[in-house]
Amino acid sequence: MSKTVRSQRSHAAAKFSLNIARVVFDDTEVRVGLLPYENAEQLAALRAEYGSTHVFRRTNGSKIEAVAFVADAPSIGDSFKNITFKQELGLAASMMRNALISHLYAMPRKVYDFRPVTFLADESRENLLSKAVPDGVDCPNWLNVCPMFEADVRVFHFDQQEPFVGLCLNVFTRRRISRTCKELLADGFDIQGYYVGRQVLSTDSRIQPRFRLAGRVDRIDAERLILSDHRDNEDNVAPDEVQIEAAAFEPLVRHALGDLAGATLERLRGLLENFYTGPSRFERLRATCKYFSDRRLEVAPGVGCHTGSFLSQDNGRNFPRIDKAPSVAYVFDPSGGKTDTWHDRGMENFGPYSAPTFTPTRPRICVVCQRNHKGRVEQFIRKFLRGISIPGSNRSPFAKGLIRKYALEDATTDFYESDGPTAHAYQKAVYRAAAAQSEQNFRYDLALVETEERFHELRGSNSPYLVTKAEFMSLQIPVQEFEIETTEIPDSRLQYVLNNMALATYAKLGGVPWLVRAHLPIAHELVVGMGSAQITEGRLGETQRVVGITTVFSGDGNYCLSTLSRAVRFEDYADELLVSLKNTIERLSKNMGWQPKEHVRLVFHAFKPLKEAEEEAVKALIASLGDYDVEYAFLHVVEEHPLLLFDQSQEGEPAYDGKNGMKGVYAPERGRFLRLSGHEILMTLTGPKDVKQVSDGMPRPVILRLGRGSTFNDMTYLTRQVNTFACHSWRSYFPSPLPVTIQYSELIARLLGNLSTVPQWNPIHLVGRIGEGRWFL
């Protein structure tokens, strides 16, 4: 594609739409019964007894509202009031949600949840698998891949607008296997090793049963399935009582279709790729929205509601304001004279920020690999160190390799072979490396460890990667792993993988690839990020939630990473946050000469909303540390939500995946943000250029939600800062979908949580040089 055409495409006027439609209710009075709220059991009992005639809603914490949605229903309540739904939008949303479920149930459509209302498309017409099988071949009627819709009815509070009830629509696909395990066994399919589960009935007859995991099939004994990794008191089940999980879908297609399965699955992947593209998703959602807008739903006897079309800039004043965060400036030298708005180009032109002072310039690298993989690993390591050049390519991002791109003089490697793919074999290889260090009186600067994709499923002492990581970290040696499957990737794609791997490796060696320029405020500023990870033994074992904390401060005109906390259990994170914050502020105030009465700003990026007590504890701690003028911003970064922002003018970017497709079509540019309310922002941190391939479809934005305890509330400033931090990751040249404050915290939490399952691991290993580096990248 010519530069002229690309320029015209990139400068086309944006045309934004949200997947939200306004819902307008009849201005008719409705009788509402009121009951005192006692407990959750009381509310559940009311819904169980009267759920077919009434909607019940807890309000103001102490009351239950009861509204009939069928004629001649009994009156329920100790007292009553008459209202219009315009007066009580929360109640209106509850009534709309109930009416939507009743309408879908009557169509009929299968409804799987009530908040959000989740329903399956017409299986007879929308089964993608049936469209993928060759002509003249019957699709197994017990296998399907269908669109699944989410209809979230909620109250929206757009900035400088009156609140309204809106219908937010989203769509994805769901794979379904309707046969029982008994039927699969009779058909000759081996279910051993798969998880199975029961269908649990809903208390609402309109809602489909819910699949509840029972356990993993270990073996079959006397017509019973013997389970491992199972729920308490459920170590065996009858095969006719359970169904297999959706993970068995592709093997079942291969089993059912035989030689035709390969072509069918390839066509299915193509259909799914198209399904998730921006235009396809938008048109499907818009058609569904039009279906509801063409119909009047009755929410109460004689009271209806009407759904409008999706909100777009064509709606004029009803569409929220959209802004764009400024480009990020990357700095490649302490004087600040070498800068670029593209980090990889800056690295090619200037080299890393820390090049003049970096050591070791000749790193000594230990390579651990399986003996029967050594030849391929040697070739891979050579490409990693020396680079890859693609003849005839316009751009070769890794032509210099690690050594030249990061201004090293050279690197030496020593190989230690594992006798097999077991954790014990890998551990013996590490011991040989440690013995060589000790005997020859030197220290390895880095360990490169070859793993396999299947190792990700292993935990604790069974995981070669975790055991090896734990052993090397106990020796204060950072580890960079790579999968043997990666060595098989064609060089045209491998160059990008190695480019990212080299970036993380340089940071693990203690290097600073770049800093990001900060437009310094008057205040001293400290940004604290909190991320979490869930660690489980198997899928039904005890779940442990682990929290990591990362701190960034502004100094010398740049944003600098300050501290990385140890990971702690979720129930202990509030105490760890205070300890980490106290240590950081005491060190920074001393090193940077903070004076009494000076202005200090603390910004928190959190994976969850901070409780009021947690916010007050932070304020109390800061007050005890010095007489500063402090302001606070408690920002919840929300990843899971139903909102999508489309730009219908966005034609996408070339995918460079060999298919000549366009990726990121209809995806807004990175850095676009929309004001949902005075304290909420919808922001795109992944734009068309950042989407890796066409099959990734439409990227999802994040919501930034300011906590009530905040005293600093400039959402434009805070949003721009989040965008800056999302461009500051040293893990990959691809922009992060999260700010580095949360991304690094999640990486720390996940890795330390997994390492805690290794018997020989001790967190004391992080005390020292390795704990101060970027070992987790």
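In this predicted model, an open sheet is built from 4 strands, arranged in the order S21-S20-S22-S23 with parallel pairing. The edge positions belong to strand S21 (412-418) and strand S23 (479-483); each has a single partner strand, so one side of each is left without a neighbour in the sheet. On average, neighbouring strands here are turned by 20° against each other, direction ignored.

A good place to look at the pairing is the contact between S22 and S23. Strand S22, covering residues 446-451, runs parallel to S23 and is joined to it by 5 bridges. Within this pair, alanine 447 of the chain stands opposite valine 479 in S23.

Two helices accompany these strands. Helix H13 (residues 423-440) packs on the sheet, where it touches strand S20 (364-370) as well as S21 and S22. The direction of H13 makes about 140° with that of S21. Helix H14, spanning residues 464-474, lies across S20, S22 and S23, and runs at about 170° to S22.

Turning to the cysteines, the structure holds 0 disulfides. Cysteine 168 is in no disulfide, and the nearest cysteine sulfur to its own, that of cysteine 289, is 10 Å away. Because a disulfide requires the sulfur atoms to lie within 2.5 Å, this separation of 10 Å leaves cysteine 168 unpaired. Cysteine 289 is likewise in no disulfide, with the sulfur of cysteine 168 as the nearest cysteine sulfur. As for their surroundings, cysteine 168 has 0% relative accessibility and therefore counts as buried; cysteine 289, at 2% relative accessibility, counts as buried too.

Terms used. Residues numbered from 1 in each chain as written. Predicted model: local features only at pLDDT ≥ 70, side-chain atom pairs only at ≥ 80, totals over all residues. Heavy atoms only, no water. Pairing = 2+ DSSP bridges. Axes fitted to C-alpha atoms, helices over the stretch in contact; angles between N-to-C directions. Contact = heavy atoms within 4.5 Å. Buried < 20%, exposed > 50% of the residue type's maximum accessible area, 1.4 Å probe, protein only.
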